[in-house]
Amino acid sequence: MGIFGFFSKEKKESLDQGLQKSSQSIFSKLSKAVVGKSKVDEEILDELEEVLITSDVGVDTTIKIIERIEERVARDKYVNTDELDTILREEIIGLLEENQSQDFLDFDIPQDKKPYVIMVVGVNGVGKTTTIGKLASLFKNAGKSVVLGAADTFRAAAVDQLILWGNRVGVPVVSHGMNTDPASVAFDTVKKGKEENADVIIIDTAGRLHTKVNLMNELTKIKRVMQKFIPDAPHEILLVLDGSTGQNAFIQAKEFTKATEVTSLAITKLDGTAKGGVVIGISDQFKIPVKYIGVGEKVTDLQLFNRKEFVDSLFSKK
């Protein structure tokens, strides 16, 4: 059974609490939109469109959702406002399914990929290094051996922070210190992970976007040196985004997907914002699965993404 199998009730409570600001904001706006109305009409759909856009779902994704609801209303002839909440949830869950967002059930790795190499990218300040530390802890608690690589060598704080996480969690960290060659750190990390038969290798990288060409070259070089030991590494390129920045997270996703082939997303800091709708929009616009969401400070508040539970918590009336 997965690490959350024993704690599904606690996990849901944590998710509800983490998305509380977003859900309260959405519910408050929706309530105002439907007050005094019995039937879903064009005016309500216009109001709903504004609710979704101001919740940072994004314009393009909001239009898709509204069009889906319009089709339901036209097909069913009469939809009362009490049904709107259910229809909205169903259509968003359907959209997430189409966008390759899976329901990840466990901190597990493919059996034929060992060591499983994760390269983590993202700008400074999004919670990248903290996310890596939490992932290391969660993988270890799931019975996996982990090696970390401190390849964000342009920030002393990033290297020191990862070493602190390694000490706290009890996993080895490969570090050459600050202002050293990131690819060299990645090389030694993968070498160590391979020699020690580790299950998971997680490599932190520099969070710089000011020169895209340099970033692209650096990430390409890191990938190339990994492949000397593991030909198909990295198996996953995880982009960490700060959900509280709303539309700015879209811009970061756009830039990083141009610089490298991002295969999964972690969206952090959702507990401190009313911008939880950004998860839906980013998933839809980039067709990259959201794998992790951060809904609090605790290690277990970095949760595996579950579409139905997320949508249920986001549109909760609590």
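## A walk from a helix surface to the core

Let's start with a charged pair: Lys191 makes a salt bridge with Glu195, with 3.0 Å between the closest N and O atoms. This is a predicted model, so read the distances here as computed from that model. Both residues belong to helix H8 (residues 182-195), where they sit four residues apart, about one turn of the helix. That spacing makes sense, because an α-helix has 3.6 residues a turn and residues three or four places apart point the same way. Lys191 is partly exposed at 31% relative accessibility, while Glu195 counts as exposed at 57%.

Now look at another pair with that kind of spacing. Arg89 and Asp85 are both in helix H5, again four residues apart, about one turn of the helix. Their side chains meet in a salt bridge, 3.1 Å from N to O. Are these two buried or exposed? Arg89 has a relative accessible area of 16%, so it is buried, and Asp85 is buried too, at 18%; the cut-off for buried is under 20%.

A third salt bridge joins Lys269 to Asp242, whose closest N and O atoms are 3.7 Å apart. Here the partners come from separate elements: Lys269 is in the loop between S6 and helix H11 (278-286), and Asp242 is in strand S5, so the pair ties together parts that are 27 residues apart in sequence. Lys269 is partly exposed, at 34% relative accessibility, whereas Asp242 is buried at 8%. Some salt bridges also share partners, and in that way Lys12, Asp16, Asp85, Arg89 and Asp312 are joined into one network. That puts the H5 pair, Arg89 and Asp85, inside a wider set of charged residues. Overall, the count comes to 25 salt bridges.

Next, the sheet. It is open, has eight strands and mixed pairing, and its order reads S3-S2-S4-S1-S5-S6-S7-S8. Which strands stand at the edges? They are strand S3 (173-174) and strand S8 (302-304); each has a single partner strand, so one side of each is left without a neighbour in the sheet. Further in, strand S6 (residues 264-268) and strand S7 (residues 290-294) run parallel and are joined by three bridges. To find your place on that pair, pick out Leu265, which stands opposite Val290 in S7.

Helices pack on this sheet as well. Helix H7 (residues 156-169) touches strand S2 (146-151), S3 and strand S4 (200-205), and its direction makes about 165° with that of S2. Helix H10 (residues 247-259) touches strand S1 (116-121) and strand S5 (236-242), with its direction at about 155° to that of S5. S5 is also the strand that carries Asp242, the partner of Lys269.

Follow the loop that holds Lys269 and you come to H11. Seven of its nine residues are buried, so this helix is largely enclosed by the rest of the structure. The buried ones are Val278, Val279, Ile280, Gly281, Ile282, Ser283 and Asp284. Just past the end of H11, Lys287 takes a positive phi of about 55°.

That leaves the nonpolar interior. In soluble globular proteins, nonpolar side chains tend to be buried together. The largest nonpolar core here has 94 residues, and Phe139, Ile202 and Phe310 touch the most other members. Helix H5 (residues 81-98) gives the most to this core, with seven residues. Which residues does Ile202 touch, leaving aside those up to four places away in sequence? Its contacts include Ile118, Val120, Ile132, Leu135, Ala136 and Phe139, along with Val146, Val147, Leu148 and Gly149.

Phe139 also takes us to the aromatic rings, which form four pairs. The ring centres of Phe107 and Phe139 are 5.7 Å apart and the planes meet at 85°, so the pair is edge-to-face. Phe107 lies in the loop between H5 and S1, and Phe139 in helix H6 (residues 128-141), so this pair ties together parts that are 32 residues apart in sequence. Phe107 is buried, with a relative accessible area of 1%, and Phe139 is buried with a value of 1%. Ring pairs bring in Tyr292 too, linking Phe107, Phe139 and Tyr292 into a cluster.

Notes. Residues are numbered from 1 along each chain as its sequence is written. This is a predicted model: local features need pLDDT of at least 70, side-chain atom pairs count only at pLDDT 80 or more; totals for chains, interfaces and linings use all residues. Side-chain values use heavy atoms; hydrogens and water are left out. A nonpolar core is a set of buried Ala, Val, Leu, Ile, Met, Phe, Trp, Tyr and Cys residues joined through side-chain atoms within 4.5 Å. Buried means under 20% relative accessible area, exposed over 50%, partly exposed in between (1.4 Å probe, protein chains only). Helices (H or I, at least four residues) and strands (E, at least two) are DSSP runs, numbered from the N terminus. Contact means heavy atoms within 4.5 Å. Two strands pair if DSSP finds at least two bridges between them. Axes are lines fitted to C-alpha atoms, for helices over the stretch in contact, and angles run from 0 to 180 degrees between N-to-C directions. A salt bridge is a side-chain nitrogen of Lys or Arg within 4 Å of a carboxyl oxygen of Asp or Glu. Rings of Phe, Tyr and Trp (its six-membered ring) pair if their centres lie within 6.5 Å; planes under 30 degrees apart count as stacked, over 60 as edge-to-face and the rest as tilted.
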